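Dear colleague,

Please find below the structure that I am handing over to you. The findings follow after it, grouped by topic.

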Amino acid sequence: MEYLKPKGAVTHFSQTAPHIFELTTEDHTILHIHLLAEDILRFRYLPESSDFSYAIHPDFSPQPQAYPWEETEDYFHIHTEVLTCQIEKKDLHISLFDREGHLIQEDEHPLMHPKNGKGVYCTKKIHTHERFFGLGDKAVGPDLRGKRFEFWGTDAYRYQRGDDPLYRNIPFFIGMQESRAYGIFLDNTYRTHFDFGATYPNILRMGAEGGEMNYYFIYGPSLQQVTEKYTLLTGKPELPPLWALGYHQCRYSYYPESRVRDIAEGFRARQIPCDAIYLDIDYMDGFRCFTWHPERFPQPQQLIADLQKNGFKTIVIIDPGIKIDKNYRVYRQGLQNDYFCKRKNGKLFKGKVWPGACHFPDFTHPAVRAWWADLFKELVQEDQVAGIWNDMNEPAVFETDSKTFPLDVQHHYEGHPCDHRKAHNVYGMQMARATYEGFKRWSQGKRPFVISRSGYAGLQRYALVWTGDNTASWDHLRLANQQCQRLSLSGLSFAGSDVGGFIYTPEPELYVRWIQLATFHPFFRTHSIGDHLSGSGELDEGLLKMKNIQTDQEPWSFGEKSTQIIKRFIELRYQLLPYFYTTFWQHTQKGTPMLRPLLMLDEEEPYFCHHDDDFAFGDHILVCPVLDRKAKTKTLYLPEGRWYSYWDHQLVMGRQSFEVPVSLNTMPVYLRAGAVIPHYPVMQYVGEKPIEALTLKIYYSQEAVKSFLYEDEGDGYAYQQEQFSVKEFTVSGNEGSLSIKQEVRGAFRSPYQTYQLNLHGLPFQADKILCDGETLSFQRKKDLVLISLSVDFMELHITTK
């Protein structure tokens, strides 16, 4: 593609507000620079009249302070406490420096237009050792350098490594060189493109096929800080209900009602924990949204109530396509109120999806979202459905080459009318938003649980995501690991994959390894296609070719040996729920990613730029999944520091390579020295029984290490009125002693009154323990020290003679 590049020197520079600067060139190119914070700068070229964004959180506001600037013969310089923005007078080139004068990022061409006149692009120089990360769910390895991508939400059924575009549209990436990280968020909802040196090795090109060149530069300097600041910009999620972090079971499809009851009984009879069962589109009457099939589910309220008594939440799927049927109330309402999308000629757009011919709501219209939210009253308030799963909302349409709406479909876009070229990438997000608002309206004070297949930057405010229609293959196991880490870096921490693969049937070993990996993903759900047709309506060729097809994908479907291993890891998930919930709370407070690539833990180690098999969950747990078939050993290289094996408590040092054996029933997991890891007793579902004592596994460290435990009621919004508890533990030791301190804030009182402390790794024999000045009794079991004490303790000292 050939580009036109604006020419001409800067003719005008002014500070139009304390944090806003305006520049104009000889050829009338206009640039607005907004300093939203010391480390967040917005660059907006040729600004249109509207400054509306679906991505930026409504509560985000710039820090209104005056930023100094200076002029030299060749440059303008704008200064913050951490950055200097340098603008070349001759050509509007931008360079950004840190406070020490290190060059972070610079333009090659600040603005370009394709000669066909459609779109806006810019190019940046890539430095020699620069690496790139992020962009949401892209199905590639960790480093984006040398690759190109686009964003145009796509129903990517049976996608494979390297396929692009996929479901989500998160045009945000992180660049890193010499342990200095920055992020760029291109806030443009048109079809967007990124080229990280694929065309020209030292040039990064980004842009869109319409709209503005409008991007945010976010300086870290650490990887974690970049993600945190991006998440603050685009919005943090609310806390989910605690049960949402349990194990979930899904299939396309569980029906009739008797089959659903059998699945529920299968979990409880085998004592495999599970908190949610999903109903795919076959629960509906002719695939009509907001209906129940009269024969398959004749008494849905009774079914849902019975499941609830047995500890199961019911999640149902809702798609955007509304069947054209004059006897269908949802269709009649949408038609009468003019809520459906129209073509440029004014005619209603009609597309074929699961129900047949459908119309589609325009979710970019506030009135349509309010109507959609009202539709959930029966499902949520009356039927007591606990969560909603939005699918097909790229939006996907069958029997068209584009697999989506025609580009001339018109959208309201919050009063800024546009066609589908601009609205496509936000359609799924706005559907999820309307669903979220509906759930919140009708759930009688319970927290929303909404899943969305598609969405734009900021989707995390309304929904969690999964990686889409994957396949039962070892490469997709690896992709699930990579994609969930990438999504977490991109602000979407609440993510998971279809465990075992949605398409085809996994061999037992693959399913076990996937369960082990997904035990440490925020969203933990098995989902499979069963024996249905493929999304195209044809019988899936891969399924036909397989012999002895085993379509069941419940945890007990792969033989007794596999079942026992799977059960043990799902039980581990439930034991670690207080740690997972605390990690999610940290995510809601600062935008801290829940899954963290090891590069985030050890940015100065180049090894981690290219190796992403292993990752951290939260502050202290390091997960090393087994991703190769019939593996007997796994070679590990851990980040800097001291780490204890979760299984045998052996201490290992970071930044050294070593090999560990890996039988099918093991997966290496390590804990940071000094960590305090809370454990619940094993339960079959969240809230099954009262917790009488909380186990704290504590790992010796000479350095002071902080750990947190967040608790509240697990649902509802009392936590917003101080009904929460944050417990901060500090562990530090020396050759002959260990100190554990606790500080507590918040009004919530835990239901248990006792801690059971398990102390690991003491380099001395514990002979005396003082708790707030009083001597405590304790037990020794080999290298383990066991202590029982009140949850109200303030300071504990363990010493040798």
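**Aromatic pairs and clusters**

Phenylalanine 194 counts as buried, at a relative accessibility of 1%. Please note that this is a predicted model, and that every value in this message was computed from it. Phenylalanine 196 is likewise buried, with a relative accessible area of 0%. The two residues form a stacked aromatic pair, in which the ring centres are 6.1 Å apart and the planes differ by 10°. In total, the structure holds 68 aromatic pairs.

A further pair consists of tyrosine 579 and phenylalanine 617. Because their planes stand at 45°, with the ring centres 6.4 Å apart, this pair is classed as tilted. It connects distant parts of the chain: tyrosine 579 belongs to helix 12 (residues 577–590) and phenylalanine 617 to strand 36 (residues 615–617), with the two positions 38 residues apart. Tyrosine 579 and phenylalanine 617 are both buried.

One aromatic cluster is made up of Phe290, Tyr331, Tyr339, Phe340, Phe349, Phe360, Phe363, Trp371, Trp372, Phe376, Phe405 and Tyr427. Trp371 and Trp372 are also among the buried residues of helix 5 (residues 366–374), together with Val368, Arg369 and Ala373. The elements that cover these buried residues include strand 22 (313–318), strand 23 (322–323), helix 4 (329–336), helix 6 (377–382) and helix 7 (420–442).

**Helix packing**

Two packed helices are described by the angle between their axes and the distance between the axes. Helix 9 (residues 508–518) packs with helix 11 (residues 560–575) at an angle of about 10°, the axes being 9 Å apart. Helix 9 is therefore roughly parallel to helix 11, since the angle falls under 35 degrees. On the side of helix 9, the contact is made by Pro508, Tyr511, Val512, Ile515, Gln516 and Ala518; on the side of helix 11, by Ser562, Ile565, Ile566, Phe569, Ile570 and Arg573. Sorted by class, this contact has 9 nonpolar, 2 polar and 1 charged residues.

Helix 11 also meets helix 12. Their axes come within 5 Å and cross at roughly 55°, and the two helices are therefore oblique to each other. Arg573, Tyr574 and Gln575 of helix 11 make this contact with Leu577, Pro578 and Phe580 of helix 12. By class, the contact has 4 nonpolar, 1 polar and 1 charged residues. Arg573 thus takes part in the contact of helix 11 with helix 9 and in the contact with helix 12.

**Cysteines**

How many disulfides does the structure hold? The number is 0. For cysteine 289, the nearest cysteine sulfur is that of cysteine 358, at 7.9 Å. Cysteine 289 is in no disulfide, because a disulfide requires sulfur atoms within 2.5 Å. Cysteine 289 is buried, with a relative accessible area of 1%. Cysteine 771 is buried as well, at 12%.

**Backbone features**

Most residues other than glycine have a negative phi, and most peptide bonds are trans. The following positions may be of interest in that light.

- Tyrosine 255 and proline 256 are joined by a cis peptide bond, with omega about 0°. Proline 256 sits in the loop between strand 20 (247–249) and helix 2 (257–270).
- Glutamate 394 and proline 395 are also linked by a cis peptide bond, with omega near 5°. Proline 395 is in the loop between strand 26 (387–390) and strand 27 (410–411).
- Glutamine 384, although not a glycine, has a positive phi of about 70°. Its place is the loop between helix 6 and strand 26, and it counts as partly exposed at 35% relative accessibility.
- Glutamine 444, again not a glycine, has a positive phi of about 55°. Glutamine 444 lies in the loop between helix 7 and strand 29 and is exposed, with a relative accessible area of 58%.

**Two further positions**

Glycine 445 is found in the loop between helix 7 and strand 29 (450–452). It is partly exposed, with a relative accessible area of 41%. Glycine 445 and tyrosine 717 are 272 residues apart in sequence, yet their C-alpha atoms are 6.9 Å apart in space. Not counting residues up to four places away in sequence, glycine 445 touches Gly716 and Tyr717.

Serine 725 lies in strand 46 (residues 725–734) and counts as buried at 1% relative accessibility. Leaving aside neighbours within four places in sequence, serine 725 is in contact with Leu709, Tyr710, Glu711, Val744, Arg745, Gly746 and Phe748.

With kind regards

Technical notes
Residues numbered from 1 in each chain as written. Predicted model: local features only at pLDDT ≥ 70, side-chain atom pairs only at ≥ 80, totals over all residues. Heavy atoms only, no water. Axes fitted to C-alpha atoms, helices over the stretch in contact; angles between N-to-C directions. Helix = DSSP H or I, 4+ residues; strand = E, 2+ residues; numbered from the N terminus. Parallel < 35°, antiparallel > 145°, perpendicular 65-115°, else oblique. Contact = heavy atoms within 4.5 Å. Nonpolar A, V, L, I, M, F, W, Y, C, P; charged D, E, K, R; others polar. Buried < 20%, exposed > 50% of the residue type's maximum accessible area, 1.4 Å probe, protein only. Phe/Tyr/Trp six-rings, centres within 6.5 Å; stacked < 30°, edge-to-face > 60°.
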